[in-house]
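Here are a few exercises to work through with the model open in your viewer. Try each task before you read its solution.

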Amino acid sequence: MTLNGWVYNSRPSGKVLFVVVRDGTGLCQCVIEAGTVSEEVFEAVKRLGQESSLTVTGLVRAEPRSPGGVELAVTDAAAICPAVEYPITPKEHGVEFLMSNRHLYLRSQRPWCIGRIRHTVIDAIRRFFNDNGFTLVDTPIFTAAAGEGEQTLFEVDYFGQPMFLSQTGQLYLECAAMSFGKVYCFGPTFRAEKSKTRRHLTEFWMVEPEVAFINLPGLLELAENFVSSVVGRVLKDNRAELETLGADIAGLEKITPPFVRLTYSDAVDILTSERTVKFLAEQLEQFKAQKAALEAELAQIEAADKKGGLKKWQQEKNARRLPELRGEIAELDTKIENNPKHAELAANFTWGKDLGGSDETIISLMHDKPVFVTHYPRSAKAFYMKTDRSNPKVVENFDLLAPQGFGEVIGGSVREDDYDYLLRRVNEEGYNPADYNWYLDLRKYGSVPHGGFGLGVERTVAWITGERHIRQCIAFPRMMDKVYL
RNA sequence: UCCCCGAUAGCUCAAUAGGUAGAGCGAGCGGCUGUUAACCGCUAGGUCGUAGGUUCGAGCCCUACUCGGGGAGCCA
């Protein structure tokens, strides 16, 4: 068979040459023996640097010594384009360097694995809705200003008129749901929030289903089936990638319905409870113990280095371990520093505020399944969310928090379907009702209970892959203070 | 906008108490018939982020700035 690809790694060993070739679908060790190919071919391939493109032809054979268990016994090979001094070496690199070389970094194993999983996630999302009677409706990206959160919209010049990049397709979807019953949209979303965190992008991908004739329990059930099906698909299709990434496969296997259900008031009780104080204190002790263990290892290595007399390979091993240790210790320091702040925020949490990032983290760390938090205070939420008729201080909404501290991946709600209630809310927020005529019309002509939610693709991919920063979960990330390419 | 940390070879990092810069990877050359981030030998490669200051002497101390990382705030 013939393989077209790039040199991922090359190891000469006298008259045998091992070239790991990357063909886009994976890696394959190719073995070139001096006697089997001409001397010119052997020498030419031997000289190819990392990421040189080439064609190799040979026979596939089982070989236990090869990574992956099979290898290609090469009978012929030819360079397509040699590469010299490829910048990303098989060594550790910093974030800045890797992301400023994003165009090349995309070829490395980690981004490749994440990209494959992202692809599965997106395919599974479409499959789920298509298989469950939803109709895809593409909502516009250019949108007119309509009250809600204008300060977080990107403004563009639309032939002299101000327009904005869409930050949700929801209002449009509500119209479409009254036509098709069950609909979804899937596309890029733009937020001009000044959020500099590992969980925020200014341009990200979001899928939003919207369903007519549904209530809050129905929405939660839809969301947990949906998320479980996406996670299940990744477990089925990308196990090898998850393993390479070191993702928490056992944790992902627990992602099955039903998820945990808490109300916002439950969450506040938990946050201000003795249980949380204890939980955070234990966590702090754990961090300190981990730090002490790492520092002990560090001291031991440094002492051994100082003492001398180490074999060369031992020195190198130490040299590799030291920066790792320092990084881990620095990360723990951050956690140790933040822990009391989070404890204070949680303890002083008062009913009515929106849950902060650290509050979400605490709640999700206490569970190994995703957690729904429902019924937030009306004052903290958008005007279109349906007021709970049995407790008008709250709305029928929910957030879904991914487990183990990853935080929010879904936000959704039942929509206010009563004309008068909705009009009152529009006025309360100080919006101009004339801007919402078409939206109010939906409540005038055959209004029905309906609702939906939005799921952030990059946050979901980050959670599933165990990648701590969302910027690694999209090929070309756009962040508040940084556009790499 | 605020807080913390950092910037030394292409990359990742080191440099005892302030005394004139090193190691691995990568690159080049040579060696090795089963390598697994291979290994062994040799070679090339640096205005220590920028500007100023302290000092006989600054990579190291001080000030300002620039860039980067982490966190907070804000926020589907």
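Let's fix one term first: a residue is called buried under 20% relative accessible area, exposed over 50%, and partly exposed in between. Keep in mind that this is a predicted model.

**Exercise 1. Sort the ends of two salt bridges**

Task: work out whether each of E43, R47, E429 and R425 is buried, partly exposed or exposed.

Solution:
- Start with the pair E43 and R47, a salt bridge whose closest N and O atoms are 3.1 Å apart.
- R47 has 66% relative accessibility, which is over 50%, so R47 counts as exposed.
- E43 comes out at 29%, so this end is partly exposed.
- Now take E429 and R425, which form a salt bridge with 3.3 Å between the closest N and O atoms.
- E429 sits at 35% relative accessibility and is therefore partly exposed.
- R425 has a relative accessible area of 4%, so R425 is buried.

**Exercise 2. Follow a long-range pair**

Task: find which parts of the chain are linked by the salt bridge between E360 and R199.

Solution:
- The two side chains meet at 3.1 Å, N to O.
- E360 belongs to helix α12 (residues 357-365), while R199 lies in the loop between β10 (182-190) and β11 (203-212).
- That puts the partners 161 residues apart, so the pair links distant parts of the chain.
- Both E360 and R199 are buried.
- For the wider picture, residues 24 or more positions apart make up 68% of the contacts in chain A with a separation of 6 or more.

**Exercise 3. Place β13 in its sheet**

Task: say which strands pair with β13, and in which direction each one runs.

Solution:
- Write down the open sheet of eight strands: β6-β10-β11-β16-β15-β14-β13-β12, with mixed pairing.
- Check the edges: β6 (135-136) and β12 each have a single partner strand, so one side of each lacks a neighbour in the sheet.
- On one side, β12 (residues 260-263) is joined to β13 by four bridges, and the two run parallel. V260 has V371 as its bridge partner, and R261 stands opposite F372.
- On the other side, four bridges join β13 to β14 (residues 397-402), this time antiparallel. Here V373 faces D399.
- Finally, look at the side chains. In a regular strand they alternate between the two faces of the sheet. In β13 (residues 371-374), V371 and V373 point one way and F372 and T374 the other, and all are buried.

**Exercise 4. From the core to helix α6**

Task: which residues touch the most other members of the largest nonpolar core, and which helix gives this core its largest share?

Solution:
- The core has 50 residues; I125, F226, V227, L242, F398, I410 and I464 touch the most other members.
- Helix α6 (residues 216-237) supplies the largest share, with 11 residues.
- Take F398 as a test case: beyond its neighbours within four places in sequence, its contacts include L216, L219, L220 and A223, along with F372 and V373.
- A charged residue also sits in α6, namely R233. R233 has a relative accessible area of 18%, so R233 is buried.
- Setting aside residues up to four places away in sequence, R233 touches T120, D123, A124, R127 and N238.

Technical notes:
Residues numbered from 1 in each chain as written. Chains lettered and ligands numbered in written order. Predicted model: local features only at pLDDT ≥ 70, side-chain atom pairs only at ≥ 80, totals over all residues. Heavy atoms only, no water. Buried < 20%, exposed > 50% of the residue type's maximum accessible area, 1.4 Å probe, protein only. Pairing = 2+ DSSP bridges. Core = buried A, V, L, I, M, F, W, Y, C linked by side-chain atoms within 4.5 Å. Contact = heavy atoms within 4.5 Å. Salt bridge = Lys/Arg side-chain N within 4 Å of Asp/Glu carboxyl O.
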